[in-house]
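Visitor: Please take me through one part of this protein at close range. Pick a single residue, begin there, and then work outward to what surrounds it.

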Amino acid sequence: MIYKSYSKFFFAVNLAFLALASYMYFTYGGNWYIAIIPFAIMTVGFLVFKDLIDRWGFKFQDVRLDEQVLRMIMTEYPNLKSYSPEQIKVFSKRLVYFLHARESYLVLGETEKLDMYHTILIAVPAVIISMEGREDLAPDIERLVAYKHPFPSPKMKFLHAAEYDSEDGVVIISIEQLMQSLRLPEENYHIAYHVWCERKIGKTAGFPEIPEGFKASIGTLFGFDKVQMAQLIGYEILDFRILALNAYFTNSKNLKSLYPNFYKKIQLYLQS
């Protein structure tokens with residue numbers, strides 16, 4: 001990601017003044033200790049509010065992804081290749097904002113920082129979904145969590161591969177099944193799109209009515225049936241709105257061909 005960290009600049013300047021105040025106190029004594037206090041407080045403040053300061057600084061610079069990262073993303077999410085240069089610029093900026101707005105973790109024996117590659121793969125669909133409308137940084141989602149394999153959770157006490165928890169503000173993904181979704185999309189349901197489509201529908205009212213016969217056409221629409229979806233994600237998907245919105249992004253040609261009017265209604269929904 002290409003941006004300048006304003007927090008590092010302010011922290012360095014403040015640290016210089018703190019060092020100067022400390023030097024004056026230990027050299028000359030007296031009331032110079034008073035000068036140390038505000039700079040010490042500001043040092044702590046810059047450490048605590050680092051991310052907020054950097055996001056404020058984004059307004060004054062050309063924030064974007066570097067070309068190598070962008071090429072990687074377009075390989076994994078080929079629908080981005082249809083974007084215009086201006087749309088790519090907007091997408092790049094929004095993704096940097098999105099990644100900077102929350103923490104991401106990998107759960108192994110202990111919880112550790114999730115690598116940027118997998119963090120990006122999980123986050124990209126959230127930004128793509130917002131591209132046809134207003135920017136949505138998903139402020140309700142505080143954490144992106146990944147496991148290397150299917151996992152149980154407090155609310156879903158069985159092995160599954162994807163979960164959106166609106167109450168706890170978390171999206172949880174199994175990397176194993178995510179990579180299956182990306183490497184063999186013609187055989188596997190896209191679980192990262194699934195969680196972000198679920199969030200979108202939960203947060204934005206007015207999703208169009210599912211057309212008659214949609215359930216029977218799922219196999220034609222995706223190239224695989226609901227049984228295969230359930231085997232991958234770990235549970236039966238009961239909300240057809242999530243499947244329809246997922247298909248809009250992952251199987252748009254089929255959706256448009258089968259349900260052209262429904263496709264247009266989803267377009268309008270995303271613009272709202």
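Guide: We start at asparagine 246, which is found in helix H11, residues 240-250. A caution before going further: this is a predicted model.

Is asparagine 246 buried or exposed? It is buried, with a relative accessible area of 0%. The cut-off for buried is under 20%, so asparagine 246 qualifies at 0%.

What does asparagine 246 touch, once residues up to four places away in sequence are set aside? The list is Tyr189, His190, Tyr193, His194, Cys197, Phe222 and Asn251.

One name on that list leads inward. Tyr189, a contact of asparagine 246, is also prominent in the largest nonpolar core. That core has 75 residues. Phe91, Leu95, Tyr189 and Trp196 touch the most other members. Helix H6, residues 116-130, gives the core its largest share, 9 residues.

Take Leu95 from that group. Beyond its neighbours within four places in sequence, leucine 95 is in contact with Leu65, Ile73, Ile120, Ala123, Val124 and Val127. Another core lies apart from the largest one. It has 6 residues, including Val107, Val145, Val170 and Ile172.

Next, the aromatic rings. The structure holds 16 aromatic pairs. A pair of aromatic rings is described by the distance of the centres and the angle of the planes. For phenylalanine 207 and phenylalanine 262, the centres are 6.2 Å apart and the planes stand at 85°, so this pair is edge-to-face. The two rings come from distant parts of the chain, 55 residues apart. Phenylalanine 207 sits in the loop between helix H8 (191-203) and helix H9 (218-222). Phenylalanine 262 sits in helix H13, residues 260-271. Both phenylalanine 207 and phenylalanine 262 are buried.

Phenylalanine 262 has another partner, tyrosine 259. This pair is edge-to-face too, at 6.4 Å centre to centre with 90° between the planes. Tyrosine 259 is buried, as is phenylalanine 262. Step back, and ring pairs join Phe207, Phe214, Phe240, Tyr259, Phe262 and Tyr269 into a cluster. Phe240 belongs to that cluster, and residue 240 is also where helix H11, the helix of asparagine 246, begins.

Tyr269 brings in a charge. The charged end of lysine 200 sits over the ring of tyrosine 269, 5.6 Å from its centre. Elsewhere, the charged end of arginine 102 sits over the ring of phenylalanine 98, 4.1 Å from the ring centre.

Now the salt bridges. The count comes to 9. In one of them, the side chains of arginine 183 and glutamate 76 meet at 2.6 Å, N to O. Arginine 183 lies in helix H7 (residues 175-183) and glutamate 76 in helix H4 (residues 67-76), so the bridge ties together parts that are 107 residues apart in sequence. The two ends differ in burial. Arginine 183 is partly exposed, with a relative accessible area of 46%. Glutamate 76, at 10% relative accessibility, counts as buried.

Aspartate 140 and lysine 203 form another salt bridge, with the closest N and O atoms 3.8 Å apart. Aspartate 140 is in the loop between H6 and strand E3 (143-147), and lysine 203 is in helix H8, 63 residues apart. These two residues belong to a network of salt bridges that links Asp136, Asp140, Arg199 and Lys203.

Lysine 155 and aspartate 165 also meet in a salt bridge, at 3.0 Å, N to O. Lysine 155 is in the loop between E3 and strand E4 (162-165), while aspartate 165 is in strand E4 itself. They are 10 residues apart. Lysine 155 counts as partly exposed at 43% relative accessibility. Aspartate 165 counts as buried at 6%.

Last, the whole chain. Its secondary structure comes to 13 helices and 5 strands. Of its 272 residues, 47% count as buried. Among contacts between residues at least 6 apart in sequence, 72% join residues at least 24 apart. The chain exposes about 14,500 Å², with carbon and sulfur atoms supplying 58% of that area.

Methods: Residues are numbered from 1 along each chain as its sequence is written. This is a predicted model: local features need pLDDT of at least 70, side-chain atom pairs count only at pLDDT 80 or more; totals for chains, interfaces and linings use all residues. Side-chain values use heavy atoms; hydrogens and water are left out. A nonpolar core is a set of buried Ala, Val, Leu, Ile, Met, Phe, Trp, Tyr and Cys residues joined through side-chain atoms within 4.5 Å. Buried means under 20% relative accessible area, exposed over 50%, partly exposed in between (1.4 Å probe, protein chains only). Helices (H or I, at least four residues) and strands (E, at least two) are DSSP runs, numbered from the N terminus. Contact means heavy atoms within 4.5 Å. Accessible areas come from the Shrake-Rupley method with a 1.4 Å probe; for residues, only the protein chains shown count as cover. Rings of Phe, Tyr and Trp (its six-membered ring) pair if their centres lie within 6.5 Å; planes under 30 degrees apart count as stacked, over 60 as edge-to-face and the rest as tilted. A charge sits over a ring if NZ of Lys or CZ of Arg is within 6 Å of the ring centre and within 35 degrees of the ring normal. A salt bridge is a side-chain nitrogen of Lys or Arg within 4 Å of a carboxyl oxygen of Asp or Glu.
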